[in-house]
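Welcome! Let us look together at a pocket and at a pair of packed helices.

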Amino acid sequence: MTELKKDVAKIMAIVKGEGVKERVFSAKSSYYNWSKEERELKAKVENIRERKLMTLFFDLEESLQRLPSQEEYVNEYMKIAFDKIEKEDWYTEIVKAFNQDFIENCIVWRADRAYKSSLIEVMTAMQLESKGYTVFREKYLDMVMG
(Lines give C-alpha, C1' and ligand atoms only; values in the text may rest on other atoms or scores of the structure.)
Protein backbone atom coordinates (compact mmCIF):
# COMPACT_ATOMS: atom_id res chain seq x y z
CA MET A 1 0.00 0.00 0.00
CA THR A 2 1.43 3.39 -0.99
CA GLU A 3 1.91 6.15 1.59
CA LEU A 4 -0.87 8.09 -0.10
CA LYS A 5 -3.29 5.17 0.24
CA LYS A 6 -2.29 4.81 3.89
CA ASP A 7 -3.00 8.51 4.47
CA VAL A 8 -6.41 8.20 2.79
CA ALA A 9 -7.23 5.22 5.02
CA LYS A 10 -6.21 7.28 8.05
CA ILE A 11 -8.41 10.18 6.94
CA MET A 12 -11.35 7.82 6.50
CA ALA A 13 -10.75 6.50 10.04
CA ILE A 14 -10.70 10.06 11.41
CA VAL A 15 -13.91 10.96 9.59
CA LYS A 16 -15.67 7.75 10.69
CA GLY A 17 -14.35 8.04 14.24
CA GLU A 18 -14.16 11.47 15.82
CA GLY A 19 -15.15 13.25 12.64
CA VAL A 20 -14.09 16.72 11.55
CA LYS A 21 -15.78 19.54 13.40
CA GLU A 22 -17.42 22.32 11.48
CA ARG A 23 -17.02 25.31 13.74
CA VAL A 24 -18.87 28.42 12.77
CA PHE A 25 -17.25 31.70 13.65
CA SER A 26 -19.94 33.14 15.87
CA ALA A 27 -18.38 36.11 17.59
CA LYS A 28 -21.47 37.91 16.27
CA SER A 29 -24.42 36.73 14.27
CA SER A 30 -22.82 37.56 10.93
CA TYR A 31 -19.45 38.71 9.64
CA TYR A 32 -21.27 41.43 7.72
CA ASN A 33 -22.62 42.85 10.98
CA TRP A 34 -19.13 43.23 12.42
CA SER A 35 -17.53 46.59 12.93
CA LYS A 36 -14.80 47.75 10.59
CA GLU A 37 -12.28 47.20 13.42
CA GLU A 38 -13.41 43.60 13.94
CA ARG A 39 -13.08 42.82 10.23
CA GLU A 40 -9.63 44.43 10.16
CA LEU A 41 -8.49 42.45 13.20
CA LYS A 42 -9.71 39.20 11.71
CA ALA A 43 -7.79 39.98 8.51
CA LYS A 44 -4.61 40.75 10.49
CA VAL A 45 -4.87 37.52 12.45
CA GLU A 46 -5.57 35.44 9.36
CA ASN A 47 -2.80 37.05 7.34
CA ILE A 48 0.08 36.29 9.66
CA ARG A 49 2.91 34.62 7.79
CA GLU A 50 4.78 31.91 9.64
CA ARG A 51 6.62 29.01 8.01
CA LYS A 52 5.77 26.71 10.91
CA LEU A 53 2.06 27.18 10.17
CA MET A 54 2.54 26.48 6.48
CA THR A 55 4.21 23.12 7.15
CA LEU A 56 2.35 22.22 10.35
CA PHE A 57 0.30 19.35 8.93
CA PHE A 58 3.41 17.66 7.52
CA ASP A 59 5.44 18.40 10.64
CA LEU A 60 2.82 16.90 12.95
CA GLU A 61 2.40 13.90 10.69
CA GLU A 62 6.14 13.34 10.86
CA SER A 63 6.49 13.81 14.63
CA LEU A 64 3.37 11.79 15.52
CA GLN A 65 4.02 9.12 12.86
CA ARG A 66 0.35 9.45 11.88
CA LEU A 67 -2.07 12.08 10.68
CA PRO A 68 -2.86 14.59 13.42
CA SER A 69 -6.36 14.84 14.81
CA GLN A 70 -8.18 18.11 14.34
CA GLU A 71 -7.73 19.00 18.00
CA GLU A 72 -4.00 18.23 17.93
CA TYR A 73 -3.63 20.38 14.83
CA VAL A 74 -5.70 23.28 16.18
CA ASN A 75 -3.92 23.26 19.55
CA GLU A 76 -0.48 23.37 17.94
CA TYR A 77 -1.66 25.98 15.42
CA MET A 78 -2.90 28.13 18.31
CA LYS A 79 0.49 28.02 20.07
CA ILE A 80 2.46 28.90 16.94
CA ALA A 81 0.04 31.62 15.84
CA PHE A 82 -0.03 33.32 19.25
CA ASP A 83 3.76 33.19 19.46
CA LYS A 84 3.90 35.05 16.14
CA ILE A 85 0.98 37.44 16.76
CA GLU A 86 2.24 38.51 20.19
CA LYS A 87 5.38 39.84 18.47
CA GLU A 88 3.44 42.00 16.01
CA ASP A 89 3.48 45.79 16.51
CA TRP A 90 -0.31 45.96 16.53
CA TYR A 91 -0.89 43.20 19.11
CA THR A 92 -0.71 45.24 22.35
CA GLU A 93 -3.20 47.84 21.16
CA ILE A 94 -5.53 45.21 19.74
CA VAL A 95 -5.66 43.25 23.00
CA LYS A 96 -6.69 46.42 24.83
CA ALA A 97 -9.54 47.02 22.38
CA PHE A 98 -10.76 43.45 21.86
CA ASN A 99 -11.65 40.46 23.96
CA GLN A 100 -8.94 37.75 23.88
CA ASP A 101 -11.66 35.25 22.96
CA PHE A 102 -12.29 37.13 19.72
CA ILE A 103 -8.63 36.70 18.70
CA GLU A 104 -8.66 33.03 19.72
CA ASN A 105 -11.81 32.48 17.65
CA CYS A 106 -10.11 34.04 14.63
CA ILE A 107 -7.16 31.65 15.03
CA VAL A 108 -9.30 28.55 15.61
CA TRP A 109 -11.45 29.32 12.61
CA ARG A 110 -8.36 29.73 10.42
CA ALA A 111 -6.74 26.58 11.83
CA ASP A 112 -9.88 24.54 11.16
CA ARG A 113 -9.92 25.66 7.54
CA ALA A 114 -6.21 24.84 7.15
CA TYR A 115 -6.72 21.37 8.66
CA LYS A 116 -9.64 20.57 6.37
CA SER A 117 -7.68 21.88 3.41
CA SER A 118 -4.81 19.50 4.23
CA LEU A 119 -7.19 16.54 4.39
CA ILE A 120 -8.75 17.56 1.08
CA GLU A 121 -5.32 17.80 -0.56
CA VAL A 122 -4.58 14.20 0.40
CA MET A 123 -7.95 13.00 -0.87
CA THR A 124 -7.55 14.93 -4.13
CA ALA A 125 -4.08 13.48 -4.65
CA MET A 126 -5.55 9.99 -4.23
CA GLN A 127 -8.29 10.71 -6.76
CA LEU A 128 -5.73 11.97 -9.28
CA GLU A 129 -3.49 8.97 -8.70
CA SER A 130 -6.43 6.62 -9.22
CA LYS A 131 -6.97 8.26 -12.64
CA GLY A 132 -3.40 7.46 -13.63
CA TYR A 133 -1.65 10.71 -12.80
CA THR A 134 1.70 10.77 -11.04
CA VAL A 135 1.19 12.59 -7.75
CA PHE A 136 3.66 13.78 -5.15
CA ARG A 137 3.29 15.71 -1.93
CA GLU A 138 5.97 18.16 -0.85
CA LYS A 139 5.78 20.08 2.39
CA TYR A 140 7.29 23.28 1.00
CA LEU A 141 5.13 23.41 -2.13
CA ASP A 142 2.42 25.48 -0.42
CA MET A 143 5.05 28.03 0.57
CA VAL A 144 6.22 28.37 -3.02
CA MET A 145 2.78 28.28 -4.64
CA GLY A 146 1.00 30.32 -1.98
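The second largest pocket holds about 250 Å³ of space, in a model that is predicted, where local features need pLDDT of at least 70, side-chain atom pairs count only at pLDDT 80 or more, and totals for chains, interfaces and linings use all residues. Residues are numbered from 1 along each chain as its sequence is written, and side-chain values use heavy atoms, with hydrogens and water left out. A pocket here is an open set of points on a 1 Å grid with protein on both sides within 12 Å along at least five of seven lines, and lining residues have an atom within 4 Å of a point.

Among the residues lining this pocket are Glu3, Leu4, Asp7, Lys10, Phe58, Glu61 and Glu62. Two elements, α1 (3–16) and α4, give two or more residues each to the lining, and α1 gives the most, with 4 residues.

Helix α4 also packs against helix α5, at an angle of about 120° and with the axes 11 Å apart. The two helices are therefore oblique to each other (neither under 35 degrees, over 145, nor 65 to 115). Leu56, Phe57, Leu60 and Leu64 of α4 meet Glu72, Tyr73, Glu76, Tyr77 and Ile80 of α5 in this contact, meaning heavy atoms within 4.5 Å.

Here are both groups of residues by class:

| Group | Nonpolar | Polar | Charged |
|---|---|---|---|
| Contact of α4 with α5 | 7 residues | no residues | 2 residues |
| Lining of the second largest pocket | 4 residues | no residues | 8 residues |

In these classes, Ala, Val, Leu, Ile, Met, Phe, Trp, Tyr, Cys and Pro count as nonpolar, Asp, Glu, Lys and Arg as charged, and the others, Gly among them, as polar.

Definitions and conventions:
Axes are lines fitted to C-alpha atoms, for helices over the stretch in contact, and angles run from 0 to 180 degrees between N-to-C directions. On a 1 Å grid over the protein atoms alone, a cavity is a set of points where a 1.4 Å probe fits but cannot get out, and a pocket is an open set with protein on both sides within 12 Å along at least five of seven lines; lining residues have an atom within 4 Å of a point. Grid points are joined across faces, edges and corners, and a volume is the space filled by probe spheres set on the points.
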